[in-house]
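The exercises below are meant to be worked through with the sequence and the model side by side. Each one sets a task and then walks through a solution.

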Amino acid sequence: MPMTQATSAPLESSSGRSRAVAAGLTLRQSRRRRPAEVRAHNRAVVLGLLFHGEPVSRAQLARTTGLAPVTISDLVSELLAEGIVAEAGTAKQPRVGKPPTLVAFQHGSRQLVALDLSEVKVARGAVLDLSGRILHRRSASLGDPAHLAEHLEDLARELLALTSAPVLGLGIGTPGLVDPAGYLVEASNLASHDLALAEILHQRLGVPVHVENDANVLALGEVTFGHAPEHGLLTVALGLGVGAGIVLHGTLIRGHRLAAGEIGHITVDEEGPTCACGRRGCLEGAVSSSTLRARLGADTGPSAQRIRAEAGATLGRVLAPIVSALNLQQLRLFGPTEIYGGAFIEALEGTVRGRILPALAADLDVHFSPLGEDAVLTGAVVPVLIGELGFS
């Protein structure tokens, strides 16, 4: 699922080039856009600006986007009729004359349902508004993997019953490989594979359903709700497994086999313990939460700090080539801070900085995600925003 950002250039017509062209090289010229595609694109641009910004006038929207005033007027009228935006008073201005009317995004006009499948045998769910604010929470046991879709349907129905505004869609963050259509190719942690999860739940629930890998939704959530830059972000999920999400220039990187960011099974110690994948010494076996909890036990002394530091340095050696090759600016971690804080993140950051060019290291920002334990739930709604409204 390409992460098309609302900050991309608006288009006035289906021919010619846009008024603003993003920096970079175009390897292939795309086909001409149909009028309906142009209108959908421009609508997404306007929505994205309103979603992330303050109330603005129609004239300001036209100046910011480069779209014709009549185009802006038509789009705003359409969005007002749908209730997604609303008029929000008038702008203050020093000159004489009628002040322009402001329009603002209505974050409460629609609600979303999100499911987080990243925990073992438990699904966490929530109802959220368009700002990412959680309104209601529920959870349920996943039970028999053969009935995964049924368990998720029951939890989703419970959450849908709690909504108090039109539902934009259902977003699911799950471990494993997921194709852009929401087909669960393989999820060993869920003991599930070859499951058309999005299609099944859409047919049963009657709402749009978007399914994405949990590490990927962490990255999407960071850009949309965590104020992370969209041009170079690496998120690392540390828990029972280890996974990463990558966003470059507003695009979620999926990879040839949908496995971009699957760093958990990179070999870090050829003499290490046998992994669930059948090989020895995988990264997951060295830095997962279960591994570190077992090694740390109740120890809080110097030896515990050494264990954390060794694990952080191990992860840093894996991440440094990725950060360097992609020239990433932000590295954000998700995981229990009682394990991964302190000596772990310090060693991780020091190792990465010490293994890349000083110029790259100077711009690198390493810290824990501000989204906390709800990061997957929050991030899971971003594919819904992209799929149904065209922006994030």
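**Exercise 1. Count the salt bridges, then describe two that join helices.**

Solution. With a salt bridge taken as a side-chain nitrogen of Lys or Arg within 4 Å of a carboxyl oxygen of Asp or Glu, the count comes to 20 salt bridges. Before going further, note that this is a predicted model, in which local features need pLDDT of at least 70 and side-chain atom pairs count only at pLDDT 80 or more, while totals for chains, interfaces and linings use all residues. Residues are numbered from 1 along each chain as its sequence is written, and side-chain values use heavy atoms, with hydrogens and water left out.

Step one takes Glu 153 and Arg 204, whose side chains meet in a salt bridge with an N to O distance of 3.2 Å. Glu 153 belongs to helix α4 (residues 148-160) and Arg 204 to helix α5 (residues 197-205), so this pair ties together parts that are 51 residues apart in sequence; helices (H or I, at least four residues) and strands (E, at least two) are DSSP runs, numbered from the N terminus. For accessibility, buried means under 20% relative accessible area, exposed over 50%, and partly exposed in between (1.4 Å probe, protein chains only). Glu 153, at 13%, counts as buried, whereas Arg 204, at 34%, counts as partly exposed.

Step two turns to Glu 310 and Arg 295, which form a salt bridge whose closest N and O atoms are 3.7 Å apart. Here Glu 310 lies in helix α9 (residues 302-326) and Arg 295 in helix α8 (residues 289-296), so the parts tied together are 15 residues apart in sequence. Glu 310 is partly exposed at 39% relative accessibility, and Arg 295 is partly exposed at 44%.

Step three looks beyond pairs: Asp 116, Glu 119, Arg 124, Arg 137 and Asp 374 are joined into one network by salt bridges that share partners.

**Exercise 2. In the salt bridge between Asp 129 and Arg 133, is each partner buried or exposed?**

Solution. The two side chains meet at 3.2 Å, N to O. Asp 129 has 7% relative accessibility and therefore counts as buried, while Arg 133, with a relative accessible area of 53%, is exposed.

**Exercise 3. Lay out the five-stranded sheet and find what packs on it.**

Solution. Begin with the order of strands, where two strands pair if DSSP finds at least two bridges between them. The sheet is open, has mixed pairing, and follows the order β14-β13-β12-β15-β16. Since β14 (251-252) and β16 (365-368) stand at the edges with a single partner strand each, one side of each is left without a neighbour in the sheet.

Next, follow one pairing: strand β15 (residues 330-334) runs parallel to β16 and is joined to it by four bridges, and in β16 the bridge partner of Gln 330 is Asp 365.

Then add the helix α6 (residues 214-224), which packs on the sheet and touches β12 (233-238), β13 (242-248), β14 and β15, contact meaning heavy atoms within 4.5 Å. The direction of α6 makes about 45° with that of β13, where axes are lines fitted to C-alpha atoms, for helices over the stretch in contact, and angles run from 0 to 180 degrees between N-to-C directions. Helix α11 (residues 343-354) lies across β12, β15 and β16, and runs at about 160° to β16.

Finally, ask how enclosed α6 is: 11 of its 11 residues are buried, so helix α6 is largely enclosed by the rest of the structure.

**Exercise 4. Which residues touch the most other members of the largest nonpolar core?**

Solution. A nonpolar core is a set of buried Ala, Val, Leu, Ile, Met, Phe, Trp, Tyr and Cys residues joined through side-chain atoms within 4.5 Å. The largest has 45 residues, and Val 46, Phe 105 and Leu 385 touch the most other members. Leaving out residues up to four places away in sequence, Leu 385 touches several residues, including Phe 51, Leu 112, Phe 225 and Phe 391. Apart from this core lies another, of 34 residues, among them Ala 244, Ile 307, Ala 320 and Leu 348.
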